[in-house]
Amino acid sequence: MQKTMKNNKQAEKLQETVQEHAGVERPEEAETLIELKDLSVFYGNNQAVKHVNMPLKKNKVTAFIGPSGCGKSTLLRTINRMNDQIPDAHYGGQIMYDGVNLLDQRIDVVSLRKEIGMVFQEPNPFPKPIKTNITHALKFYRTKKSEMDDIVESALKQAALWEEVKNRLGSSAQSLSGGQQQRLCIARALALKPQVLLLDEPTSALDPISSAKVEDLIIELKKYYTIVIVTHNMEQAARVSDYTSFMYNGDLIEFGSTSQLFTNPNEKRTEDYLTGKFS
Ligand SMILES: Nc1ncnc2c1ncn2[C@@H]1O[C@H](COP(=O)(O)OP(=O)(O)OP(=O)(O)O)[C@@H](O)[C@H]1O
């Protein structure tokens with residue numbers, strides 16, 4: 001018999017949000033783009049992620065939630081091998097994408113990061129003109145000069161920033177607001193035509209209005225991209241994600257559709273976290 005979450009204010013609010021926003025699709029009904037298989041991540045002897053099995057669904061938003069230090073960002077950064085930059089980081093298991101294990105040492109990580117782009121917590125545009133922020137990386141991929149303007153316009157339009165910056169593309173990116181800078185960082189990733197966008201707490205440094213714009217953008221972008229987001233904000237996870245993974249102490253405790261996980265979790269620890277019994 002299914003259990004329902006004991007009522008408290010936080011749980012009730014989350015349930016309302018999820019009912020308003022989330023679809024009812026079940027994981028087995030959606031196409032898997034990336035499969036994490038028995039994935040472990042270590043920093044030296046410290047195992048930050050423990051034997052995680054999880055699908056990432058195509059053209060869906062998956063949220064990673066859980067208390068601080070549970071391994072969300074580590075898991076996210078492993079997907080496009082950003083953790084390779086940490087000297088004693090190492091992995092076990094597989095990340096299967098298009099028949100290839102992304103953890104294979106023969107993988108070209110520069111091409112991988114083009115395919116699987118990342119946006120960080122703090123907006124980090126280059127201290128250069130807005131346009132250069134988009135074109136800079138394109139040069140490494142031999143993009144023709146004649147195509148640059150079209151790519152800049154299309155990336156900024158997709159990131160819902162074009163109207164705000166089209167008349168000042170030569171101005172410094174640092175003249176933009178925090179929220180605009182974050183959308184510029186999203187545009188910079190989109191210009192490389194990725195399949196997947198990894199977002200590491202993309203709104204935590206933003207004011208509520210800018211956060212809402214980025215959330216609207218995420219919902220719009222999933223038509224074209226597969227998105228994974230780490231967030232501490234449960235309301236945000238309930239608003240933007242189709243699937244949610246709850247992590248605790250390096251373990252994946254529960255993965256499911258956001259509507260199921262937020263309204264009817266299978267695991268007691270998920271319920272306790274969602275009802276604020278620990279944070
Ligand atoms: N660069 C690093 N070197 C060594 N250990 C690290 C490093 N980054 C993270 N860790 C450790 O890995 C574990 C998981 O950290 P991680 O940042 O992935 O968790 P998180 O859930 O994203 O936390 P938060 O919500 O606070 O950002 C923690 O024990 C952390 O101390």
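This report describes the overall build, the two sheets, the ligand surroundings and one buried residue of a predicted model.

## Basis of the description

Residues are numbered from 1 along each chain as its sequence is written. Because the model is predicted, local features need pLDDT of at least 70 and side-chain atom pairs count only at pLDDT 80 or more, whereas totals for chains, interfaces and linings use all residues.

## Overall build

The chain has eleven helices and ten strands, where helices (H or I, at least four residues) and strands (E, at least two) are DSSP runs, numbered from the N terminus. The radius of gyration of the chain is 19 Å, close to the 19 Å that the globule rule gives for 279 residues, so the chain is as compact as a globular protein of that length; this radius is taken over C-alpha atoms, and the rule is 2.2 Å times the number of residues to the power 0.38. Along its principal axes, the C-alpha trace spans about 60 × 40 × 35 Å.

Of the 279 residues, 43% count as buried, a term for residues with 20 or more other C-beta atoms within 10 Å of their own (exposed means 12 or fewer, partly exposed in between, with C-beta atoms placed from the backbone). Among contacts between residues at least 6 apart in sequence, 72% join residues at least 24 apart, a contact being two C-beta atoms, placed from the backbone, that lie within 7 Å.

## The six-stranded sheet

Strands of a sheet pair through backbone hydrogen bonds, either parallel or antiparallel. One open sheet of six strands has the order β6-β7-β8-β3-β9-β10, with mixed pairing, and two strands pair if DSSP finds at least two bridges between them. Its edge strands are β6 (116-119) and β10 (251-257), each of which pairs on one side only, and the twist averages 15 degrees from one strand to the next.

Within this sheet, β7 (residues 196-200) and β8 (residues 226-230) pair in the parallel sense over five bridges, with valine 196 opposite threonine 226 in β8. Helix α2 packs on the sheet, touching β3 (61-65), β6, β7, β8 and β9 (243-248), and its direction makes about 150 degrees with that of β8; axes are lines fitted to C-alpha atoms, for helices over the stretch in contact, and angles run from 0 to 180 degrees between N-to-C directions.

## The four-stranded sheet

An open sheet of four strands has the order β2-β1-β4-β5, with antiparallel pairing. Strands β2 and β5 (100-101) stand at the edges with a single partner strand each, so one side of each is left without a neighbour in the sheet. Strands β1 (residues 32-43) and β4 (residues 89-97) pair in the antiparallel sense over eight bridges, and isoleucine 34 stands opposite tyrosine 97 in β4. Helix α2 also lies across β1, β2 and β4, running at about 120 degrees to β1.

## Around the ligand

The residues surrounding the ligand include Tyr43, Asn46, Gly71, Lys72, Ser73 and Thr74, where a residue counts as near if its C-beta atom, placed from the backbone, lies within 6 Å. The elements giving two or more residues to this shell are β2 (46-57) and α2 (72-79), and α2 provides the largest share, three residues.

## A buried residue

Isoleucine 218 has its place in helix α8 (residues 208-221), and it is buried, with 22 other C-beta atoms within 10 Å. Leaving aside its neighbours within four places in sequence, isoleucine 218 is in contact with Val61, Ile227, Ile229 and Val240.
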